[in-house]
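Subject: The two-chain model, with notes

Hello,

Here is the structure I promised to pass on to you. Please have it open while you read, as the notes below go through it piece by piece.

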Amino acid sequence: MDNWKDNKNVFWTLAAPGTFWLLVFFILPLGFLFVMSFSDKAMVNGEVSITDYDYLTGITNYIRSVDPLYLTIIWKSIWVSALATLLCLVTAYPIAFGICFASERWKPLLLLLVVLPFWINLLIRTYALIAVFRTQGYVNLTLGVLGLGPYDMLYNNFAVIFGLVYVYMPFMVLPLYATIERLDKSYLEASLDLGASQYTTFLKVTVPLTMPGIITGVILVFIPCLGSFLTPDLLGGANAIMIGNVIERQFKAANDWPFGAALSFMLMYATFAALMLRAFLAKRSAGVDV
Amino acid sequence: MTDPIVSIRGVSKKFPGGVIAVDNVSIDIAPNEFFALLGPSGCGKTTLLRMISGLETLTEGQIVIGGQDMALTPPNKRPTNMVFQSYAVFPHMTVQDNVAYGLRVTGVPEVETKRRTADALEMVKLSHLAERKPDQMSGGQRQRVALARALVKRPKVLLLDEPLSALDAKLRDDMRMELTRLQETVGITFIIVTHDQDEALSMASRIAVIDKGAVQQIATPSELYEQPLTRFVADFIGKVNLIDAKVLGKTSKAITCEAKGLGKLNFNTDKACGDTVAIAVRPEKLKIAKIEPKAAGLIKVAGKVRDVAYYGDTSHVVVSIKGGPDLQVNVQNDSRTGGSGVERGQSIWVSWMPDDSLVLTE
């Protein structure tokens, strides 16, 4: 049989749906936003139009987006996301390890528990967190019994980071699980046998050999964290605004699509920079299949 | 025997679910021995090796290495090092870093680490590949990295888990010689696990044959081959003809028995036995002749050639006899013409000296 890639008809039949999808629902809207980011709202009869635009007028939106006000929010979004990603990593690593070393009977159940929250709507899960953390919530009630609190745990950075860690944890656990599961356990045994302690073995063998999973997990968590708006909106309120909220408001409340588009692209460039950094690091640690 | 370097005392391993992998095994291994644990796959030999290294816990018994009970000693503190079946050469480190790993993690000064690493690589003839990553190396080279990495630690005991099983036939022969040479040079006790009897016979100074978790016999290679204690050992080590026999009478020095297809026979043996025994005789000890051999005292039987397999230096002739099992006879092809000199279907006599056969009681 011919290689299906060599047969043009077969190739295009198989590739067409995906290509169509990407083109119509990804490339075209993105292109539209890209054009929009260089545009301005049109002036009609001396007033700013709500629906009409002057296309490709210049880079004024980008100049506006590097205003310290927005840069501060972008920078804050980056460190909030980074912290959430780090917390995800240190929490998910032991979980993934535990699942890998659990008996075959328990593994599917444990993996199910990890993805179980996905079966519930994000909005409901987030409101549930509010019920847990509010002044009259379960945590404060429990602390109250012990004679502590109440503490303000809602509408601050803590609540946002906790919410992000909670929501994106499975994206960290699953890639980590996949690499740890594939890891030949005799590497760990060899390290122990050669005199390394459990701790040294973890640092010098386990972590480097599971780096592909760590990197994938970090990307899968960091990027959606950076663009999240629902979690900071509901849990952070006005005190813990992230760039996602600003963009959302440009498109909705402020009705300023050109500026929202420019901010979106700024965020995308930041993401690209992170991915390039990853590729650079991957090249340096060549030998481990990243 | 001098004080053993490794003393395995009444060791058992039961896995959850009731599987008994190792069943009350006791072995003493002397310093400087090349000791083989030989058995079919799943017999518990690897589990035993892993218990010596500390990677597996004991259910019962005691393992003493260099006079010290190892019960509470974790693998990273034991004076043993292991060459894993998969080699387990770290893929993210160069050959050099792999070999130096065991020294660096235990705080050996860097100057000494460098020197010993270079020496170890020299010993396994890999100095020219020190900067390579393992994925750029062949299986045989990776194995030598694993060897160097273990030997550089100067362990009291080197443990090798099926070290040759992943190599192709030619490389396996070279490596066999290499391992024997290394063992003589470094003067470390080697304990090797293998399912390949040729490997064990050709390399080891002593062999423990293990079946179903229990030791069947501990002996030198030639003892195992010529004086197997049990049917299992006789059958597992080399090729053997086993003929069931019913005991008719016995004295303290001999038995009389009725062997299947051979009739009434007398054998010298001082072993206690039940009602049935097996007569074991190696194929190369049997002789074939076209006419009935006349020499006195021979065990002889008439049969028909069922099959002849030509192996170059020898031919394996399978002879079927009336009322008994087929007998295999290995014939040296010592003339350039004629091969074994027999053909399928030919009537033939098989004979051997009674002392070349062995009475197996269990």
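What follows is a short tour of chain B, its sheets and core, and then its contact with chain A.

Before anything else, please keep in mind that this is a predicted model.

**Chain B as a whole**

Chain B contains eight helices and 20 strands. Its C-alpha trace extends over about 75 × 50 × 40 Å along the principal axes. Of the 362 residues in this chain, 41% are buried. If you take the contacts in chain B with a separation of 6 or more, 64% of them are between residues 24 or more positions apart.

The chain is split into two domains: domain 1 covers 6-232 and domain 2 covers 239-360. Their centres, taken over C-alpha atoms, lie 39 Å from each other. Four residues from domain 1 of chain B and five residues from domain 2 of chain B make up the contact between them. On the domain 1 side, that contact has one nonpolar, two polar and one charged residues.

**Two sheets in chain B**

Let me start with the sheet of six strands. It is open, has mixed pairing, and its order is β6-β7-β8-β3-β9-β10 in chain B. The edges are taken by β6 and β10 of chain B, each of which pairs on one side only. From one strand to the next, the twist averages 20 degrees.

Both kinds of pairing can be seen around β9(B). With strand β3 (residues 34-38) of chain B, β9(B) runs parallel, and four bridges join the two; here B:Leu38 is opposite B:Val209. With strand β10 (residues 214-219) of chain B, β9 (residues 206-211) runs antiparallel through five bridges. B:Asp211 faces B:Ala214 of β10(B). These two strands, β9(B) and β10(B), make a hairpin with two residues between them, and B:Lys212 in the turn has a positive phi of about 50 degrees.

The other sheet has four strands, is open too, and follows the order β2-β1-β4-β5 in chain B with antiparallel pairing. Why do β2 and β5 of chain B have one side left without a neighbour in the sheet? Both β2 (19-29) and β5 (68-69) stand at the edges with a single partner strand each, so one side of each strand has no neighbour there. Within this sheet, strand β1 (residues 6-15) and strand β4 (residues 60-65) of chain B are antiparallel and joined by five bridges. B:Ser12 has B:Glu60 in β4(B) as its bridge partner.

**The nonpolar cores**

The largest nonpolar core has 108 residues, and the members that touch the most others are B:Ala36, B:Leu37, B:Ala146, B:Ala148 and B:Ile191. Helix α4 (residues 139-151) of chain B gives the most to this core, six residues. Domain 1 and domain 2 of chain B each supply at least three residues to this core. Leaving aside residues up to four places away in sequence, B:Ala146 touches B:Val83, B:Phe84, B:Tyr87, B:Ala88 and B:Val89. Another core, of 46 residues, lies apart from that one and includes A:Ala96, A:Leu129, A:Val221 and A:Cys225.

**A tryptophan in domain 2**

B:Trp349 sits in strand β19 (residues 347-352) of chain B. Is B:Trp349 exposed, partly exposed or buried? It has 17 other C-beta atoms within 10 Å, so B:Trp349 counts as partly exposed; a buried residue would need 20 or more. Its C-alpha atom is 5.2 Å from that of B:Ala289, although the two residues are 60 apart along the chain. Beyond residues up to four places away in sequence, B:Trp349 touches several residues, among them B:Ile288, B:Glu292, B:Pro293 and B:Lys300.

**Where the chains meet**

Finally, the interface: 17 residues of chain A are in contact with 20 residues of chain B. On the chain A side, the elements that give two or more residues are α8 (185-193) and α9 (198-209). The largest share, six residues, belongs to α8(A). By class, this side of chain A has nine nonpolar, five polar and three charged residues.

Helix α8(A) has several buried residues, including A:Tyr187, A:Glu189, A:Leu192 and A:Asp193. The buried residues of α8(A) pack against α9 of chain A, and also against α1 (45-53) and β6 (80-83) of chain B. After α8(A) comes A:Gly195, which has a positive phi near 105 degrees.

Enjoy looking around, and best wishes.

Methods: Residues numbered from 1 in each chain as written. Chains lettered and ligands numbered in written order. Predicted model: local features only at pLDDT ≥ 70, side-chain atom pairs only at ≥ 80, totals over all residues. Contact = placed C-beta atoms within 7 Å. Nonpolar A, V, L, I, M, F, W, Y, C, P; charged D, E, K, R; others polar. Buried ≥ 20, exposed ≤ 12 C-beta atoms within 10 Å, placed from the backbone. Pairing = 2+ DSSP bridges. Domains from an automatic or database assignment. Axes fitted to C-alpha atoms, helices over the stretch in contact; angles between N-to-C directions. Core = buried A, V, L, I, M, F, W, Y, C linked by C-beta atoms within 7 Å.
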